[in-house]
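Trainee: Could you take me through one part of this protein closely, the surroundings of the ligand, and then show me how that part fits into the rest of the chain?

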Amino acid sequence: MDSDSSSFIDLRSDTKTKPTPEMLQAMISAELGDDMNGEDPTVNRLEAMICDLLGKEAAVFACSGTQSNQMGLRAHCLPGDELLIHELGHIAIFEGGAPAILSGVSCRTLTGERGMLTVEDLRGKIRANDQHLTRTRLLCVENTTNAGGGHYYPLDQLTDICNWAHENGLKTHMDGARIFNACVAGGYTMKEICAPLDTISICFSKGLGCPMGSILVGSQEAITHARRSRKIFGGALRQAGIVAAACIYALENNIERLQEDHDNARFLAEQLAEIEGISINPEHTETNLVFFDVHPERGNAMQLSAALKKEGVGIGAMGNSTLRACTHLDISRAQIEQVPAAVRAALKAGLDQYQGIATGPYARG
Ligand SMILES: *Cc1c(COP(=O)(O)O)cnc(C)c1O
């Protein structure tokens, strides 16, 4: 079975969703204008809605989460500056080295539990003001964490690290690609979560189910700067309302339902915990990302991923023995219920038939 088949259960990412007929209808009927000149009424409405929801002054629509993250860090940093980020942060490892390429900024990567940072992790990491030393300018946090395991920051922890950063002269940026998952799982409002952050990047193309689109939110000053960067980074569009309409539709219809994705993820985690050859602590599945390990004597994660594809299930490798399954809008409970049997079948058939598959997807040595 291949990934084009309609019965393929695609848990590789929450980016795999396709727009529903209702979302497409909203896109078709959107009022449009030239957004580069601020004349697209639908984009303007989306930006205003997000400002209201987050309690921030200004917002700017962007093509992708990578782009809005990079616009955000460019708003705070100058070439030669350094940002602090968890070593598993998307900005540090999954954006192609963009901080260095686009802004001349280096990432100082730190360790912390489950992809998150505490004040203890950060203490001593801001460099002194000395001509020899790189200037530390920005703290980047990811919420929910992606490679860290789909965790959301407890509000106290998030507020503490941001307050500490501000007291020490840093700005704060949140990669909130899945911030609505954090809201729903933690029972927080967007205003509460976003209050301690200077800028926040949000994706509409993940759990919210849009075909594309992200947004950067912050102070008027930061967003004015980000608008300039958006143009330079090639992201200033014309009748972008055709996409913004999908984002507005998602804000109005697809947030509360994220709980279903979280319930499906936890259910899958509990089922996987019963399977011999698989390790997972279901308590660690807090949102829509299910991380689990295959026992090395059975084979590696890439081999299990290949075997699962044959069984009609898409689950990607995230490390030598770690795989990640994502639940989303296009995945039903009935489909999730079929996954444990596919995993059992894949393990039973034996992973050693998949020879020559590298041990990890992100390392070659
Ligand atoms: C998906 C994602 C992004 C944005 O990535 P794009 O490839 O630009 O869509 C940013 N941060 C995190 C944590 C993500 O998971």
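Mentor: Sure, and one term before we get going: the domain bounds I'll use come from an automatic or database domain assignment. Also keep in mind that this is a predicted model.

With that in hand, the protein chain splits into domain 1, made of 9-16 + 257-354, and domain 2, which covers 31-253. The two touch through 15 residues of domain 1 and 20 residues of domain 2. Their C-alpha centres, domain 1 to domain 2, are 29 Å apart.

Now the ligand. There are 13 residues around the ligand, and those that come nearest are T66, N146, D175, R178 and K206. Sorted by character, the shell holds 2 nonpolar, 6 polar and 5 charged residues. Helix α3 (residues 65-76) gives the largest share of that shell, with 3 residues.

Let's go through some polar side chains one by one. D175 has a polar side-chain atom 2.6 Å from a nitrogen atom of the ligand. H90 also places a polar side-chain atom by a nitrogen atom of the ligand, here at 3.4 Å. For R178, the partner is an oxygen atom of the ligand, and the distance is 2.9 Å. As for cover, the ligand on its own has 380 Å² of accessible area, and the protein covers 82% of that.

N146 was one of the residues that come nearest to the ligand, so to speak our pointer to the next stop, A147. You'll find A147 in the loop between β5 (135-142) and α7 (155-167). Leaving out residues up to four places away in sequence, A147 touches L88, F94, E142, F291 and M318. Set that list against the domain bounds: domain 2 is 31-253, while 257-354 belongs to domain 1. A147 and R12 are 135 residues apart along the chain, yet 13 Å separates their C-alpha atoms.

The loop between β5 and α7 also holds T144. Have a look at the backbone there: the peptide bond from N143 to T144 is cis, with omega near 0 degrees. Another backbone spot to check is R114, in the loop between β4 (106-110) and α6 (119-122). R114 has a phi near 55 degrees, which is a positive value in a residue other than glycine.

Finally, here is what the records add. In an unreviewed entry, UniProt lists residues 10-293 as "domain: Aromatic amino acid beta-eliminating lyase/threonine aldolase". In the model, that span is 41% helix and 17% strand, and its end C-alpha atoms lie 19 Å apart. UniProt, again in an unreviewed entry, lists residues 248-275 as "coiled-coil region". Over residues 248-275 the model has 79% helix and 0% strand, with 41 Å between the end C-alpha atoms.

Methods
Residues are numbered from 1 along each chain as its sequence is written. This is a predicted model: local features need pLDDT of at least 70, side-chain atom pairs count only at pLDDT 80 or more; totals for chains, interfaces and linings use all residues. Side-chain values use heavy atoms; hydrogens and water are left out. A residue is near a molecule or strand if one of its heavy atoms lies within 4 Å of it. A polar contact is a pair of N or O atoms within 3.5 Å; within protein, one must be able to donate a hydrogen and the other to accept it, and residues adjacent in sequence count only if both atoms are side-chain atoms. Accessible areas come from the Shrake-Rupley method with a 1.4 Å probe; for residues, only the protein chains shown count as cover. Helices (H or I, at least four residues) and strands (E, at least two) are DSSP runs, numbered from the N terminus. Ala, Val, Leu, Ile, Met, Phe, Trp, Tyr, Cys and Pro count as nonpolar, Asp, Glu, Lys and Arg as charged, and the others, Gly among them, as polar. UniProt positions are given in the numbering used here, feature names are shortened, and annotations may be inferred rather than shown by experiment. Contact means heavy atoms within 4.5 Å.
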